[in-house]
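Please work through the exercises below with the sequence and the coordinates side by side. Each task is followed by a solution that proceeds in steps.

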Amino acid sequence: MVDETSIFIGASRKPDDSYQRAEELLLRYGNRHGLVTGATGTGKTVSLQILAEGFSNAGVPVFCADIKGDLSGISMMGEAKDFLVKRAEQVKLDPYQFQEFPVIFWDLFGEQGHPIRATISEMGPLLLSRLMNLTEAQEGVMNIAFRIADEEGLLLLDLKDLQALLANIAERADELSARYGNVTKPSVGAIQRTLLVLEQQGAANFFGEPALRIADIMRTTRDGRGAISVLAADKLMMNPRLYATFLLWLMSELFEELPEVGDLDKPKLVFFFDEAHLLFEDAPKVLIDRVEQVVRLIRSKGVGVYFVTQNPLDIPEKVLAQLGNRVQHALRAYTPREQQAVRTAADTFRPNPDFDCATAITQLATGEALVSMLEDKGVPAMVQRTLIRPPSSRLGPITPDERRKIIAQSPVAGQYDQVVDRESAFEILQKKAKEAQDAEAQAQQQNSGGSRWTIPGFDDVLGTGNRRSSNRQTVAEAAIKSVVRSVGSSVGRAIVRGILGSLARGR
Ligand SMILES: Nc1ncnc2c1ncn2[C@@H]1O[C@H](COP(=O)(O)OP(=O)(O)OP(=O)(O)O)[C@@H](O)[C@H]1O
Ligand SMILES: [Mg+2]
């Protein structure tokens, strides 16, 4: 039952609760983004699941985060449970067929899926500062650190590269302040301490190589189905900042790497952003603006972004305005803020004279939603009270054993498992420090031969220091030059990519 042009969502109901018609998401508007909202336990994850199934069947790869582990069931064949079969009948899904989907499991910690990594350079100063919750002054220092890395040909791949660079910057704080503006030892020290915290939280796994290749989340199977990348996010959710920063990074990578494609008959990739409120929670305005910009522009690259969150008020208005396909599950309306959320949610729909939207939102049953998809010419359809179809894959989590099997058979098995630690800032700075030390020792030998008055630690007093320090400088300069030569073309990659990073640089 593969429909070429649309995804079956469920069946809308008439005011007397009888069957009205099939509700569908038109694939050609799949890149016009979407929103799935609702209180806990109202059916958001199942709605995400049936949308992901639909996209996969249409040949569209999907990336989604699995917050509670209950989305993993999408990799297994569903079972004919009574309530599911009944729901299938209600929405006239006939035949109700079961299916397992091609899933690739990913995990930033490398435990419940293939490790996902990014390099520090790719992440860029803006996202890193957000990840580390830096002050404005510290963010300034971070920007300078990236500039220095670029200029001096130091590759920033993992956390220890960044640590080494910061230590180096602290040593040269005076010199660098003169060149770039305020680089104080305390602010560098504060960043270094935050880095340690980040490391303790397990982020060290995430930074390094091999970094994720975008092509690996855009795979299709031989029978033409889109791979569903499922990111294990239960542990990740304990570090919401890392979660949000990672997904932002991924979105900006997609934006940077994919070509403009204009209007397609279906998206190139669909990206589900669960717990989307974490993206925007106490995010600085500049970041929200960037997100808004990326969401707006990524459409023309054929990427659809679907935000999943409890409350539509969680999403900034400018972003909300761009989310065309909407599934609104039930909301509670006890407190004034909840009532406000219900009104906001109701106001965003094209009204249906058959019912009052705000009232309906509070009365929806589990797995029922107000649905409005984009129809002809990309105009939002009149909102409909819709029973969502049951999934074809398993409802609920898979076992650790099932997961292991899928990971072992994955098309990327073996590709990301081993960390590759090639020469980068850490190693280079270490080597440089050693060279400088050797040169110093040599100079000292020469000096002590030429001057009878050298006492270690009192050179300047004795007037032999000048010669040596100029000597040291020359050696250091030579080292930098050789580094620049040896790194060569990879310096280009050290320049921060991603609209989120590159725009920050131009600020
Ligand atoms: N379309 C549906 N068809 C059949 N059953 C459904 C459907 N949607 C939801 N359900 C039932 O409701 C339960 C809860 O749904 P779901 O897990 O999607 O809620 P949720 O909004 O994601 O909750 P939470 O916020 O806690 O993650 C499901 O386990 C399932 O039993
Ligand atoms: Mg859920």
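The exercises that follow concern a predicted model, and they go from the ligand to the sheet and then to the backbone.

**Exercise 1. Describe the surroundings of ligand 1, and identify its polar contacts with T45, K68 and R389.**

Solution. Begin with the shell: there are 18 residues around ligand 1, and G41, K44, T45, V46 and K68 come nearest. Sorted by class, this shell has seven nonpolar, seven polar and four charged residues, and helix 1 (44–57) and helix 2 (82–90) each supply at least two of its residues.

Next, apply the cut-off for a polar contact, which is a pair of N or O atoms within 3.5 Å. A polar side-chain atom of K68 lies 2.5 Å from an oxygen atom of ligand 1, while an N or O atom in the side chain of T45 is 2.7 Å from an oxygen atom of the ligand. For R389 the backbone takes part, with an N or O atom 3.1 Å from a nitrogen atom of ligand 1. Of the 630 Å² of accessible area that ligand 1 has on its own, the protein covers 79%.

**Exercise 2. Work out the strand order of the open sheet, and explain why strand 2 and strand 6 each have one side without a neighbour.**

Solution. Write down the order of the 12 strands, 2-1-14-11-10-3-9-8-4-7-5-6, in which the pairing is mixed. Strand 2 (19–26) and strand 6 (114–115) stand at the edges with a single partner strand each, so one side of each has no neighbour in the sheet. Helix 1 packs on this sheet, touching several strands, among them strand 1 (6–13), strand 3 and strand 10, and its direction makes about 140 degrees with that of strand 1.

Then examine two pairs. Strand 3 (34–37) and strand 10 (325–328) pair in the parallel sense over four bridges, with G34 opposite N325. Strand 1 and strand 2, by contrast, pair in the antiparallel sense over seven bridges, and R13 has Y19 of strand 2 as its bridge partner. In their hairpin, which has five residues between the strands, D17 takes a positive phi near 75 degrees.

**Exercise 3. Locate the cis peptide bonds at P95 and P210, and place N133 in its loop.**

Solution. Keep in mind that most residues other than glycine have a negative phi, and that most peptide bonds are trans. The bond joining D94 and P95 is cis, with omega about 5 degrees, and P95 belongs to the loop between helix 2 and strand 5 (103–107). The bond from E209 to P210 is also cis, with omega near 0 degrees; P210 is in the loop between helix 7 (185–200) and strand 7. Finally, N133, although not a glycine, has a positive phi of about 55 degrees, and this residue is found in the loop between helix 3 (120–131) and helix 4 (136–151).

Note on methods
Residues numbered from 1 in each chain as written. Chains lettered and ligands numbered in written order. Predicted model: local features only at pLDDT ≥ 70, side-chain atom pairs only at ≥ 80, totals over all residues. Heavy atoms only, no water. Near = heavy atom within 4 Å. Polar contact = N/O pair within 3.5 Å; in protein donor to acceptor, adjacent residues only side chain to side chain. Areas by Shrake-Rupley, 256 points an atom, 1.4 Å probe, with all protein chains shown as cover. Nonpolar A, V, L, I, M, F, W, Y, C, P; charged D, E, K, R; others polar. Pairing = 2+ DSSP bridges. Contact = heavy atoms within 4.5 Å. Axes fitted to C-alpha atoms, helices over the stretch in contact; angles between N-to-C directions.
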